Amino acid sequence: SFLIFNSSLLIGTVRYVSKTGTSTPPYTSWQTAADSIQKCINICIDGDTVYVANGIYKEQIIMLPGLSLIGAGMDSCVINFQMTGMAAVQFADSCHLSGFKIIVPNTLNTLAIESNGHTGLVTLNKIVNASQGIYVNESDVTVYKNIFENIKTRGVNIFNSNSIIRMNLIYTDPNSQSGSISGIYIGGFDFTYKPIIDSNFIEVNSGDGIRNSIGS
């Protein structure tokens, strides 16, 4: 009995988010799905998986460790967070985030995804209008096959990181004349960090495709 109980904890619970559900906790079917992503995350524990149906979700997402957050697709499942100076998605350790379009204000000082001190996977998302698409600070996150559109300053910003940045499509703001734009920006406090930058497509009108700063 002890082994069966602990195995069930390792598997985790599958929960659902949909604009057409009844929003009845614990949100374990499409019929009772939560009407808010964050509302569903708030009752999750490490190891849970949340599936999100098509729709526009106007909210900030604060993930928790060990969570898999899976959207229905980067063109139809939208996180639209229009506050400046804050990240639309706050990443957490050992998380998996995929299948979303993340829209933030078309201004400077906006973040789509922020990770501070974590591991995990960010894949198959589309990030639109951000000042910084993904900020990875002291984190070893794999950023794989995402699309970044109309980026204002940095598509992927990694600092003190051994992250893997692979096969992403990064398009910066075509109207910008600022030379400070970077598709991928790499920095660190010392030279011990060795991120892997592999097979990305980066289109920059003014600035750098990849900028390697001091200490990296």
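Okay, quick one to start: is Tyr171 buried, partly exposed or exposed? With a relative accessibility of 27%, Tyr171 counts as partly exposed, because buried would need under 20% and exposed over 50%. I'll come back to that residue. One thing to keep in mind throughout: what you see here is a predicted model.

So, the overall picture. We've got 2 helices and 22 strands in this protein. The radius of gyration is 18 Å, and the globule rule gives 17 Å for 216 residues, which is close, so the protein is as compact as a globular protein of that length. If you box in the C-alpha atoms along the principal axes, you get roughly 55 × 35 × 25 Å.

What about burial and contacts? Of the 216 residues, 51% are buried. Take the contacts with a separation of 6 or more, and 48% of them are between residues 24 or more positions apart. On the outside, the protein exposes about 9,800 Å², with 55% of that coming from carbon and sulfur atoms.

Now the aromatics. Searching the whole structure turns up 4 aromatic pairs. Let me show you one of them, Tyr16 with Trp30: the centres are 4.6 Å apart and the planes sit at 50°, a tilted pair. Tyr16 is in strand 1, while Trp30 is in the loop between strand 1 and helix 2 (37–41), so this pair ties together parts that are 14 residues apart in sequence. Tyr16 counts as buried, at 18% relative accessibility, whereas Trp30, at 42%, counts as partly exposed.

Back to Tyr171, as promised. Its ring pairs with Phe201, with the centres 5.8 Å apart and the planes at 50°, so that one is tilted as well. Tyr171 belongs to strand 18 (residues 169–172) and Phe201 to strand 21 (residues 201–203), so here the pair ties together parts 30 residues apart in sequence. Phe201 is partly exposed too, with a relative accessible area of 40%.

Let's return to Trp30, since it turns up in two groupings. In the first grouping, ring pairs link Tyr16, Trp30 and Tyr51 into a cluster. In the second, Trp30 and Tyr51 join Val14 in a nonpolar patch on the surface, and together those three have about 270 Å² of accessible area.

And where does Val14 sit? It's in strand 1, which covers residues 14–17. Val14 is partly exposed, at 34% relative accessible area, so it clears the over-30% cut-off for joining a patch.

That's my tour, thanks.

Methods: Residues numbered from 1 in each chain as written. Predicted model: local features only at pLDDT ≥ 70, side-chain atom pairs only at ≥ 80, totals over all residues. Heavy atoms only, no water. Patch = residues over 30% accessible without salt bridge, like charges linked within 9 Å, V, L, I, M, F, W, Y side chains within 5 Å. Areas by Shrake-Rupley, 256 points an atom, 1.4 Å probe, with all protein chains shown as cover. Salt bridge = Lys/Arg side-chain N within 4 Å of Asp/Glu carboxyl O. Helix = DSSP H or I, 4+ residues; strand = E, 2+ residues; numbered from the N terminus. Buried < 20%, exposed > 50% of the residue type's maximum accessible area, 1.4 Å probe, protein only. Rg over C-alpha atoms; globule rule 2.2 N^0.38 Å. Contact = heavy atoms within 4.5 Å. Phe/Tyr/Trp six-rings, centres within 6.5 Å; stacked < 30°, edge-to-face > 60°.
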